[in-house]
Amino acid sequence: MSETDLLDDAIERGAAAVFAAVRTDGVIRTDVDWSSTVSTAAAVLTLSIVDDDAGDLVAAGIRWLRKAQRPDGGWGTVSGVDSEMLPTVMTAVALAVAERRDVDSAVLAGRAWLDRYGGLDAVPSRAIRALCAFFCSLAGWVEPAAVPRIPAALFLFPSRARRMFAVMLPVAAALSLKPGARGPAARRAVSVIRQMHEHEGGTGELGGDPWPASMICLGLHRAGQAPEVVDAIRRRLRATVNPDGSWDMMPLDITWSVFAAAGLAEAGYGADPRLAPTLAMLRSRQGDRPFTAFASPPGYWSYGTGHGWPMALETAEVTALLSRVAPGDEAAARGLAWLSRQQDRRGSWSLCVPETTAPNIGADPFMTAQAVCALLESGVDTADRRVRRAVAWLRRQEDAEGRFEAMWYRNHTAGTAVVLEALARADGGAGRAKEWLLGTQHADGSWSDGQPGTPGTVEETAWALRALLQAGLPPGDPAARAAVTWLLDTQRPDGTWPAAPVSEWIRNCYRYFNTAITQGLALRALGCYRKAAR
């Protein structure tokens with residue numbers, strides 16, 4: 001079979017596998033198991049404290065967490081991921097608090113892993129270090145006085161609080177509350193949580209992710225505030241437990257679907273009627289109301305439901321996709337307007353609140369590059385001020401090796417590849433990013449995180465290949481052909497590709513697989529190569 005035939009066959013089988021994962025509501029979900037130790041530990045801990053009638057759920061969650069413990073004593077975010085700080089802290093604390101016994105083999109093994117890691121002082125993020133200290137204080141392992149306090153008075157200045165905490169705003173508001181506090185600052189902090197709670201219809205989702213929702217619940221319960229929110233979160237946790245006793249990570253309906261759909265569009269299936277339900281779903285889940293807590297106008301997309309929290313990353317991806325498959329699309333036009341209003345003064349984009357100063361949430365090269373590509377896909381000229389300011393900011397973010405960071409994906413291949421594509425499309429310049437990518441390709445044709453001893457992944461190989469092609473690498477170049485051969489050889493008989501834990505909720509603390517991203521990226525890269533080759 002010729003290379004062309006092999007490529008066509010791989011794309012056809014890959015597309016068939018993705019179409020087979022389209023649900024009746026249009027969501028493309030390829031992950032079957034989405035259980036998370038962090039979510040389960042948070043739910044177990046919270047229910048053990050706020051719900052006296054949840055004994056059976058707590059016991060089932062404890063059994064699941066014990067089975068999920070890794071041989072080294074720690075816990076990873078999901079099955080197959082190495083032990084990490086946040087999952088290990090939260091699970092060890094949950095077991096100690098829920099079972100009310102600190103001398104337990106699983107807890108002791110978890111604490112031993114934490115000691116080998118270097119303890120809380122070794123956590124690279126100050127914000128996550130503070131969160132871990134809060135959890136440890138619940139088990140009595142850290143004195144409450146040693147937990148960094150968030151002054152409730154900050155919430156008397158809403159714009160400042162938004163910039164400081166961004167997506168963690170409701171968590172910070174809940175943890176700022178002192179027991180019995182009823183002053184103006186406490187009322188303002190509680191009002192932030194209520195705004196978000198009411199925006200979601202009082203469901204208790206609070207973003208749909210059990211661990212931030214649990215922290216909000218614990219903070220409010222400890223302070224004796226907003227009992228209706230505490231009760232809604234409690235009821236939601238009860239309603240979302242899995243039969244095996246675990247809880248899932250936040251649902252990524254939009255993220256799953258847009259990555260997979262973009263891969264189908266790049267591979268030539270943009271007009272396929274089988275994709276129509278997904279496009280309709282994306283349009284229907286666009287935020288059509290202002291998100292008051294973030295001072296955000298309508299026109300955004302979240303990562304999950306239609307009434308979720310505004311996210312620049314998903315808004316850029318969906319805007320670019322709809323603009324590509326349906327030029328002049330009204331939802332895409334609203335997304336473009338939202339992105340334009342959300343651009344930071346310096347030219348970058350932050351996750352959900354402009355000018356964010358919060359670590360792990362603020363201005364990000366990957367996200368900014370995605371926004372630039374969305375603008376260009378929407379027909380914005382490369383000379384437009386929004387594009388020029390973003391490009392200037394991106395060029396200032398390049399490190400000494402020519403690399404760029406990606407806040408929500410493993411560094412550095414993802415960030416460097418996406419920025420390279422944006423720069424190539426915006427002004428034709430590749431800089432050192434192109435050379436860095438070419439220099440970090442493994443001998444087998446794959447890419448990983450740029451480190452020689454790290455095995456290649458489908459995601460990073462696809463990101464790098466597509467970016468290099470967009471930056472002018474000829475399809476006949478040995479680097480491109482080697483990458484394509486590796487992707488073809490890695491594809492499974494059922495048309496799918498194996499996923500790697502390159503997605504990060506929190507840098508170096510919370511890593512997971514996302515197989516829809518894997519399939520979408522592989523199809524995008526192979527589709528791009530096929531078009532270039534023809």
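The legends below describe close-up views of a predicted model. Residues are numbered from 1 along each chain as its sequence is written, and side-chain values use heavy atoms, without hydrogens and water. Local features need pLDDT of at least 70 and side-chain atom pairs count only at pLDDT 80 or more, while totals for chains, interfaces and linings use all residues.

**View 1. Tryptophan 34 and tyrosine 512 form an edge-to-face ring pair.** Rings of Phe, Tyr and Trp (its six-membered ring) pair if their centres lie within 6.5 Å; planes under 30 degrees apart count as stacked, over 60 as edge-to-face and the rest as tilted. By this rule there are 17 aromatic pairs. In the pair shown, the ring centres are 5.7 Å apart and the planes stand at 90 degrees, so the pair is edge-to-face. Tryptophan 34 lies in the loop between α1 (3–19) and β1 (35–36), and tyrosine 512 in strand β4 (residues 510–512), 478 residues apart. Helices (H or I, at least four residues) and strands (E, at least two) are DSSP runs, numbered from the N terminus. Tryptophan 34 is buried at 3% relative accessible area, and tyrosine 512 is buried at 8%. Buried means under 20% relative accessible area, exposed over 50%, and partly exposed in between (1.4 Å probe, protein chains only).

**View 2. Ring pairs join Trp211, Trp408, Trp505 and Tyr510 into a cluster.**

**View 3. Two arginines each sit over an aromatic ring.** The charged end of arginine 111 is 4.2 Å from the ring centre of tryptophan 141. The charged end of arginine 274 is 4.0 Å from the ring centre of phenylalanine 19. A charge sits over a ring if NZ of Lys or CZ of Arg is within 6 Å of the ring centre and within 35 degrees of the ring normal.

**View 4. Helix α6 (residues 126–138) is shown with the elements it packs against.** The expected span of a helix is 1.5 Å times one less than its number of residues. For the 13 residues of α6 this gives 18 Å, which agrees with the 19 Å between its end C-alpha atoms. Buried residues of α6 include Ile128, Leu131, Phe134 and Phe135. The buried residues of α6 pack against α2 (37–50), α4 (85–99), α8, α10 (210–223) and β3 (503–506), where contact means heavy atoms within 4.5 Å. Glycine 140, with a positive phi near 80 degrees, follows α6.

**View 5. Backbone angles at alanine 166, alanine 295 and the bond from asparagine 411 to histidine 412.** Most residues other than glycine have a negative phi, and most peptide bonds are trans. Alanine 166 has a positive phi near 50 degrees; alanine 166 lies in the loop between α7 (158–165) and α8 (169–175) and is buried at 0% relative accessibility. Alanine 295 has a positive phi of about 55 degrees. Alanine 295 lies in the loop between α13 (276–284) and α14 (312–325) and is partly exposed at 48%. The peptide bond from asparagine 411 to histidine 412 is cis, with omega near 5 degrees. Histidine 412 is in the loop between α17 (385–397) and α18 (413–427).

**View 6. Cysteine 217 is unpaired in a structure with 0 disulfides.** A disulfide is a pair of cysteine sulfur atoms within 2.5 Å. The closest cysteine sulfur to that of cysteine 217 belongs to cysteine 132, 20 Å away, too far for a bond. Cysteine 217 is buried at 0% relative accessibility.
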